[in-house]
Amino acid sequence: SFNHIIQRQQRNDHVLITHGIYKYLRHPSYFGWFYWSIGSQILLLNPICTFIYAAASWTFFHHRIPFEEETLQQQYPNEYPSYMDGTYIGIPFVSGLWGNSGRLSDQVLEFWIKEEKREKEKKRIEEEKREMERKKYVEERNKNEKEKGENEQKKKNGSSSKSNSHGGGFASRNGVLHKDSHEEVD
């Protein structure tokens, strides 16, 4: 089944599909996408985008397909070479493997390795950022809870000391303090 991420490690349930449309095309989804991207712009009579879409699609598949072909040849060393001989990619000037040796060019391999490292680094940075945000949230929440507790304690201590105090010219009348009164009123 199609996946945007090239599966570099073979799972136990991976099988090489050689029937249906795959009997004729090794990469039917790439074939379809390439011609759809160009054809849609031709139908819209958009010559500038036709050229741009063709160049962008071709460049993408020119780099991706050889890498994928190499991966498939490593995963299916007995079946894939003969499968390649009987099928087409169908995208002009895009060949499956680079050079006579059947190995990827160093440039393409280096590109994909750098791309993989870049993705891992991006994920690591995102995880660190989320962890820092989580820590900041927890610290802020703890600070707020501490301040709330301190404020409640101050209110509790302040209200008990006010109600118990009769010094300084204040007296309590029905729970209300009155200045310069030394008698309580009921």
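Which residue forms a salt bridge with Arg26, and how many Å apart are the closest N and O atoms? In this predicted model, the partner of Arg26 is Glu69, and the closest N and O atoms of the salt bridge are 3.1 Å apart.

## The chain as a whole

The secondary structure of the chain comes to 4 helices and 2 strands, and, read from the N terminus on, these elements follow one another in the order α-α-α-α-β-β. The chain has 186 residues, of which 24% count as buried.

## The link between Arg26 and Glu69

The salt bridge of Arg26 and Glu69 connects distant parts of the chain, since Arg26 belongs to the segment before α1 (28–43) while Glu69 belongs to helix α2, and the two residues are 43 residues apart. The side chains of Arg26 and Glu69 are also joined by a polar contact of 3.1 Å.

Both ends of this link carry charged groups, and it is worth asking of each one whether the residue is buried or exposed. Arg26 has a relative accessible area of 10% and is therefore buried, and Glu69, at 0% relative accessibility, counts as buried too; the cut-off behind both statements is that buried means under 20% relative accessible area.

## Other salt bridges

The count of salt bridges comes to 6, and among them is the one in which the side chains of Glu68 and Arg64 meet, with 3.6 Å from N to O. Glu68 and Arg64 are 4 residues apart in helix α2, so they are separated by about one helical turn. Glu68 counts as buried because its relative accessibility is 16%, and Arg64 counts as buried because its relative accessibility is 5%.

A further salt bridge is formed by Glu131 and Arg134, whose closest N and O atoms are 2.8 Å apart. Both of these residues lie in helix α4 (residues 106–164), where they are 3 residues apart, about one turn of the helix. Glu131, with a relative accessible area of 33%, is partly exposed, and Arg134, at 45% relative accessibility, likewise counts as partly exposed. Elsewhere, Glu121, Arg124 and Glu128 are linked with one another in a network of salt bridges.

## Aromatic rings

A pair of aromatic rings is described by two values, namely the distance of the centres and the angle of the planes. The count of aromatic pairs comes to 6, and one of them is made by Phe60 and Phe61, whose ring centres are 5.1 Å apart and whose planes stand at 75°, so this pair is edge-to-face. The cut-off needed for that step is that planes over 60 degrees apart count as edge-to-face.

What is the degree of burial of each of these two rings' residues? Phe60, at 42% relative accessibility, counts as partly exposed, whereas Phe61 is buried, with a relative accessible area of 2%. Ring pairs also bring in Tyr30, which is linked with Phe60 and Phe61 into a cluster.

## The nonpolar core

Two members of that cluster, Tyr30 and Phe61, also belong to the largest nonpolar core, which has 8 residues and includes, besides these two, Phe34, Ile38, Ile65, Ile89, Ile91 and Val94. Helices α1 and α2 each supply at least two residues of this core, and the largest share, 3 residues, comes from α1.

## A nonpolar patch and a buried threonine in α2

Nonpolar residues are found at the surface as well: Ile48, Phe51, Ile52 and Tyr53 make a nonpolar surface patch of about 450 Å². Ile52, one of these residues, has its place in helix α2 (residues 47–75), and because its relative accessibility is 45%, Ile52 counts as partly exposed.

Thr71 also has its place in helix α2, but Thr71 is buried, with a relative accessible area of 7%. A polar atom of the side chain of Thr71 lies 3.0 Å from the backbone oxygen of Phe67.

Notes. Residues are numbered from 1 along each chain as its sequence is written. This is a predicted model: local features need pLDDT of at least 70, side-chain atom pairs count only at pLDDT 80 or more; totals for chains, interfaces and linings use all residues. Side-chain values use heavy atoms; hydrogens and water are left out. Patches are made of residues with over 30% relative accessible area and no salt bridge: like charges are joined within 9 Å, nonpolar side chains (Val, Leu, Ile, Met, Phe, Trp, Tyr) within 5 Å. Accessible areas come from the Shrake-Rupley method with a 1.4 Å probe; for residues, only the protein chains shown count as cover. A salt bridge is a side-chain nitrogen of Lys or Arg within 4 Å of a carboxyl oxygen of Asp or Glu. Buried means under 20% relative accessible area, exposed over 50%, partly exposed in between (1.4 Å probe, protein chains only). A polar contact is a pair of N or O atoms within 3.5 Å; within protein, one must be able to donate a hydrogen and the other to accept it, and residues adjacent in sequence count only if both atoms are side-chain atoms. Rings of Phe, Tyr and Trp (its six-membered ring) pair if their centres lie within 6.5 Å; planes under 30 degrees apart count as stacked, over 60 as edge-to-face and the rest as tilted. A nonpolar core is a set of buried Ala, Val, Leu, Ile, Met, Phe, Trp, Tyr and Cys residues joined through side-chain atoms within 4.5 Å.
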